There are 4 protein chains.
Amino acid sequence: MDKPERIPRTRQNDYSREAIEERAAFVTRKTGADLETVSSYTIDPETTRGNIENFIGTVQVPLGVAGPLRLNGEHAQGDFYVPLATTEGTLVASYNRGMRVITECGGARTTVVRHSMQRAPVFVLGDALQARDFGEWLDRNIDAIRTAAEATTSIGKLTHIEQYPIANMLYTRFCFTTGDAAGQNMTGKAAFAACEWIREQHPQHPEYHLSGGLDTDKKHSAINTIQTRGKRVIAEFTLQREVARDMLRIDTEALFRYRQIAMAGTQQAGAVYSGAHAANGIAALFIATGQDEANVAESHAGITYGQLLENGDYYWAVTLPALICGTYGGGTGLPAQRECLEMLGCYGAGKADKFAEIAAAVVLAGDISLTSAVLSGEWVSSHENLGRNR
Amino acid sequence: MDKPERIPRTRQNDYSREAIEERAAFVTRKTGADLETVSSYTIDPETTRGNIENFIGTVQVPLGVAGPLRLNGEHAQGDFYVPLATTEGTLVASYNRGMRVITECGGARTTVVRHSMQRAPVFVLGDALQARDFGEWLDRNIDAIRTAAEATTSIGKLTHIEQYPIANMLYTRFCFTTGDAAGQNMTGKAAFAACEWIREQHPQHPEYHLSGGLDTDKKHSAINTIQTRGKRVIAEFTLQREVARDMLRIDTEALFRYRQIAMAGTQQAGAVYSGAHAANGIAALFIATGQDEANVAESHAGITYGQLLENGDYYWAVTLPALICGTYGGGTGLPAQRECLEMLGCYGAGKADKFAEIAAAVVLAGDISLTSAVLSGEWVSSHENLGRNR
Amino acid sequence: MDKPERIPRTRQNDYSREAIEERAAFVTRKTGADLETVSSYTIDPETTRGNIENFIGTVQVPLGVAGPLRLNGEHAQGDFYVPLATTEGTLVASYNRGMRVITECGGARTTVVRHSMQRAPVFVLGDALQARDFGEWLDRNIDAIRTAAEATTSIGKLTHIEQYPIANMLYTRFCFTTGDAAGQNMTGKAAFAACEWIREQHPQHPEYHLSGGLDTDKKHSAINTIQTRGKRVIAEFTLQREVARDMLRIDTEALFRYRQIAMAGTQQAGAVYSGAHAANGIAALFIATGQDEANVAESHAGITYGQLLENGDYYWAVTLPALICGTYGGGTGLPAQRECLEMLGCYGAGKADKFAEIAAAVVLAGDISLTSAVLSGEWVSSHENLGRNR
Amino acid sequence: MDKPERIPRTRQNDYSREAIEERAAFVTRKTGADLETVSSYTIDPETTRGNIENFIGTVQVPLGVAGPLRLNGEHAQGDFYVPLATTEGTLVASYNRGMRVITECGGARTTVVRHSMQRAPVFVLGDALQARDFGEWLDRNIDAIRTAAEATTSIGKLTHIEQYPIANMLYTRFCFTTGDAAGQNMTGKAAFAACEWIREQHPQHPEYHLSGGLDTDKKHSAINTIQTRGKRVIAEFTLQREVARDMLRIDTEALFRYRQIAMAGTQQAGAVYSGAHAANGIAALFIATGQDEANVAESHAGITYGQLLENGDYYWAVTLPALICGTYGGGTGLPAQRECLEMLGCYGAGKADKFAEIAAAVVLAGDISLTSAVLSGEWVSSHENLGRNR
């Protein structure tokens, strides 16, 4: 087979209209695809520098709005109208319904209970005993290591280093706080600087790799669920018996009974979220607001907890142990994405916890609606009404 | 607190420019957000009917192209230029590099080895023995159940029903093939019809819920990894020793040694993907092509396998057990998304397996690049060069 | 360091008193340990042939009896007095209490809902497509494969072969029923014969290993929990509100509320059993009755399910998906172990399901007692009273 | 059905010959089982007080000896002859072979890298924010909490309290070191005292349960694998190429190749041990030495790691993250069990780490032998020769 042609790039300005058009024309020539819509973007390509390479246009993802969502959170307080970008019919309507139920019941409480972003270098030593000793050396030198790490960033702070010895190696998790950024790049740079300092200073100059696999970046893992990656955030509210009956056509006793059934199923399946569908809301909110979509993998894990109260109301809480999001950096500054963050009052500095609280409440809203639809037998019919796009 | 205002909707045509503008103006009034970019969409809102509710505009996600990616697959054959929509700097460049390596080595082989989409009703019986007997009744009546299910769909086929008895219940997985659609709605409707038939025909008219939690829709689970949800697809290629050295600046022996380290880390972490970062490529490809983004949660799980060959080349395979995708339905028909599918020759009927094969090869390409960057120490520096958007 | 001395063995009769005494004397000489109790066994060493090598005596494990345990099972019916061998103070007393509660409430229902013992060969092919084709060849030749497997055993039956393709390999699970034996050896031999037949008959004569790791013998695994290894067995009963109050000093509402708390904890922990302590009862029953102790690893996994009934009673069920046990072969024929099986009317042919049902009910009894002790605050004090052996 | 008869007990001395004989006679009368062997114990029943209730005799478990096992551990140094109590034919022979291989290669290195035993109370607060605040209160009062906990024990030390907020609750793990005892009872008592202090001192007097499910006592869990329960211990050695060929009839390259296959299988299965069969050796060693057999559930988890070295030797390490054992308390003082500990020089104070190191090396030995048997095709034939007890 012949050598295939490479995609055109230019050293001058790869984000110029000319470079972009040349590339799009190349794609059309090679694939036959007409890129009319892709090419009819209305943003300035220069704004995408640092967010994309080989730019050929944009994909316009439909954006809906759901709400109002009333929150009495630690950081998120008030009534929110939530932007959700998705191509899945029924999704916005379903979340919208859940939000109205929360609001009708007086709102949800939300709290961020932990912050931690990691890089996870592994150090290879001569044997297990040396690896354990090396771990003790890390403990003794934590201040100097912190200095080395934090020299690379004005925001990131190295809180501690977790150690997991395996064979002749020390696997670590360098845990940081990262302000309003999700922080994967910031922590990568800081951990790299710290590791270089360690390699230089430690008498054995140990070989290391910047990732030993415990990060676990862009993958769900038990360690993220247990030790937190990103933010651990909780949303809770009390579903009033009458609201359940009137707005959701369900009975709280039946809801509680179903909870037992769903949890046994979750355990049998080995599912990493015990509620209905965290990933739907998270994905739609993440696309709208310029979050890293791949982080849905980590962020969708969580624990649903419910108790029927004596008065027949139902306490309902969602705990997300590894929600990864930011209001600074990444895609948050792109034009439409920034507008979506502004809809939530979440653009820029000091807003990441507020955003995380809203995200958790969105998940709660979606679970209210879908769980109720399964219980009331309306699940299929609602999709028939709203999701038919053919 | 006062009753908050509801989002305006109209019974006439909620996708008319007027209705949309009224809604956007409402959002601006309530939140203060200027929705200029969101509102400057270039697609016909009517095309989004069935994909979104409460439409207020679009989010333009930057689209890059990576390739060529040479495939010698069962369904995907030739050189592909792959659309990736993302806001994460470096991502397209990194996948692009991996694709060029695959192509330089003669291409990747790809195969879809299993198809199965599920709904998972649970039936509540009087006790465990009755539940087991009920399961045997299902087996005896499978033909009639199939008829009831398939009456609702021209495409979906009920292949079999898996049974998982717990306590006095029978949890099931109704397994379907769904043609070129991802098929969640199709199978929901078919399973509902089957369950209604069962409830009517079985002497005990058992109570059931359409989801008992084993689906496990929009969540990673062990059962999906073991039993497949969507497609199980494999991409494999042989990395030539010289190509590794020249294009990736790594040595295949070092790569193999690192594989051992990464797998021990993966196991310690309890991570559900044992390679580098499947979710990145899947998320970007999914946004570009109108797949359901939430399915990143299920689709990113997988098994990386490598062997150093006697000649120093390195056999590298990625197995994705639960890739959920389609080339029909959902967001695949939206204008830009359709164009991206057409870039791959994957729009419409008979293309879903081809698309799945491409997706698996994309994952392989991304892992080649990131793993090599970690090994060669270029991981941080490449992000510094390409990912700085502030 | 010098070459250390090897343990004496004799080709004549390694189970003769002389050979045993020589070995014990050697151990005493090398280690200084006086083996008086170990050597004061009262069984005929000849009976241990096939159960142990390098015999030097026995370990006398204290045996207690708990009960009566009333069962209305499919196979286990009547009042049972259960032998439990353990060194953990409080264990027998606690299970005894739980059994009395079950009995007071009219007994437990028990059912075996699935049987399957596996060996899991892996076949290495040229690529993934060949591996998938090979899987189809297996399907077409299942009858001949079954014949080859079953030629090695009068009891084992090959029910089906599960296939899990990874990379260029086909991982399989050869699933058998094994009568009253646990069946690991029987299935090993049968699978080996089947694999040899396959290697000979298939045109590619594929390389294989008798274990590809999916068995998963002597280890807990998700696949065992989902697909069953050994027996899947369920025990259920209804705890009467008054019995809970009088015998356990707890309230069923509090019990149900605690269930929610414990399940959230189980999920957070990633624990493979969602009840209190299945392993305690299983281990003690297994030692008493000559089961393979290592199978506690697989057998202790399970799902606890509870519902508060309208009258305030509490439905409680334990589902054990991978209970591995037998009443024939292994240690079941040893003198004391056989006596313990006879206490349960479970020695020999046709008794394995009965035994499995009793085991599940024992687990249920233990969970009743420990859960109630945690709830009533008596957990620590009971151990203080009964478990102080120093 | 009539009320069944209760098992006879006496308030005088339930461990007297008379009481025991009466109980055994009762069992024989009710079940028809002749308890001749059970009753022919040679230990003084008084020694079992604190280890068992409703004593009726003993189960004599066959004891074999394997070795020599040469260790160059941190605590275990020299040549060991290891007592293994089991009813599984081939087991002792197989471990014996592995030990001889280790010894031939110069011995294994062993190290205990972490100690931690937990109780895991859960505290129920008003909402998530209060639960987080309560966690900060715990941090501020850790010294007083430690004092309260340690007042109950002369040995246990409260090292720290881990916090896992879910919904309106704070799940905790109170982590202790416990000297030479496994420590479950010691930590139960200490945690109870600490919790009572907390409930009294905290302004809200929060409701708590002594177990919230994170312990996770007698069950495998991800949290134990990640955070350690008991001891985290590593055994490692280098298998010489020639020894592999001569004693195991395998080639180290083939072994390394098989390692890749087995790890992919392990991941697919979701198995919690990635080597061959840790549970076999642990169970047999635990029965022999009076450990709590139920802890096989937690202790058998682990990570196998291997690398082929440049000279063709093979580095092989086993990491057990949650090995639960002791040389003091529990069943360790029973006559035969104590003799077995003395065989290892592990009875009594200051020996627990030594014992843990031996246990890890035993696991390594068993994996060497079984893995090699699978590879060389001798697995089935060895069982045929040694394990035929019918």
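1. In this predicted model, D:Glu207 and C:Arg257 form a salt bridge in which the closest N and O atoms are 3.2 Å apart. The pair joins two chains, because D:Glu207 belongs to strand S7 (residues 207–209) of chain D while C:Arg257 belongs to helix H9 (residues 252–269) of chain C. A salt bridge also links the side chains of C:Glu207 and D:Arg257, again with an N to O distance of 3.2 Å. Across the interface of chain C and chain D, the count of salt bridges is 4. Over all chains, a search of the whole structure gives 100 salt bridges.

2. The extent of the interface between chain C and chain D may be described next. Chain C contributes 142 residues to the contact, and chain D contributes 142 residues. About 11,100 Å² is buried between chain C and chain D, and carbon and sulfur atoms account for 60% of that area. Such an area is a common way of expressing how big an interface is, being the accessible area lost when the parts come together.

3. Polar contacts also cross this interface: 62 residue pairs, with both residues at pLDDT 80 or more, are found between chain C and chain D. On the side of chain C that touches chain D, strand S1 (residues 55–72) of chain C provides the largest share, namely 16 residues. By residue class, that side of chain C consists of 64 nonpolar, 48 polar and 30 charged residues.

4. How do the strands S1 of chain C and chain D pair, and over how many bridges? S1(C) and strand S1 (residues 55–72) of chain D run in the antiparallel sense, and their pairing extends over 9 bridges. Within this arrangement, C:Leu63 is found opposite D:Gly57 of S1(D).

5. The interface of chain B and chain A can be read in a similar order. Here 142 residues of chain B touch 142 residues of chain A. The area buried between chain B and chain A is about 11,100 Å², with 60% of it on carbon and sulfur atoms. Three residues, B:Glu53, B:Val59 and B:Gln60, supply 6% of the area that chain B buries against chain A, which is more than any other three residues supply.

6. Between chain B and chain A there are 4 salt bridges. The side chains of B:Lys3 and A:Glu104 form a salt bridge at 3.1 Å, N to O. Polar contact between chain B and chain A involves 62 residue pairs, both residues being at pLDDT 80 or more. Strand S1 (residues 55–72) of chain B gives the most to the side of chain B that touches chain A, with 16 residues. The residues on that side of chain B comprise 64 nonpolar, 48 polar and 30 charged.

7. Strand pairing is present between these chains as well: strand S1 (residues 55–72) of chain A and S1(B) pair in the antiparallel sense over 9 bridges. In this pairing, A:Gln60 faces B:Gln60 of S1(B).

8. A final point concerns aromatic rings, for which the count over all chains is 38 pairs. One of these is the stacked pair of C:Phe134 and C:Trp137, with 6.2 Å from centre to centre and 10° between the planes. C:Phe134 and C:Trp137 are separated by about one helical turn, because they are 3 residues apart in helix H4 (residues 128–140) of chain C.

Technical notes. Residues are numbered from 1 along each chain as its sequence is written. Chains are lettered from A and ligands numbered from 1 in the order in which they are written. This is a predicted model: local features need pLDDT of at least 70, side-chain atom pairs count only at pLDDT 80 or more; totals for chains, interfaces and linings use all residues. Side-chain values use heavy atoms; hydrogens and water are left out. Contact means heavy atoms within 4.5 Å. Buried area is the accessible area (1.4 Å probe) that two parts lose on being put together, summed over both. A polar contact is a pair of N or O atoms within 3.5 Å; within protein, one must be able to donate a hydrogen and the other to accept it, and residues adjacent in sequence count only if both atoms are side-chain atoms. Helices (H or I, at least four residues) and strands (E, at least two) are DSSP runs, numbered from the N terminus. Ala, Val, Leu, Ile, Met, Phe, Trp, Tyr, Cys and Pro count as nonpolar, Asp, Glu, Lys and Arg as charged, and the others, Gly among them, as polar. Two strands pair if DSSP finds at least two bridges between them. Rings of Phe, Tyr and Trp (its six-membered ring) pair if their centres lie within 6.5 Å; planes under 30 degrees apart count as stacked, over 60 as edge-to-face and the rest as tilted.
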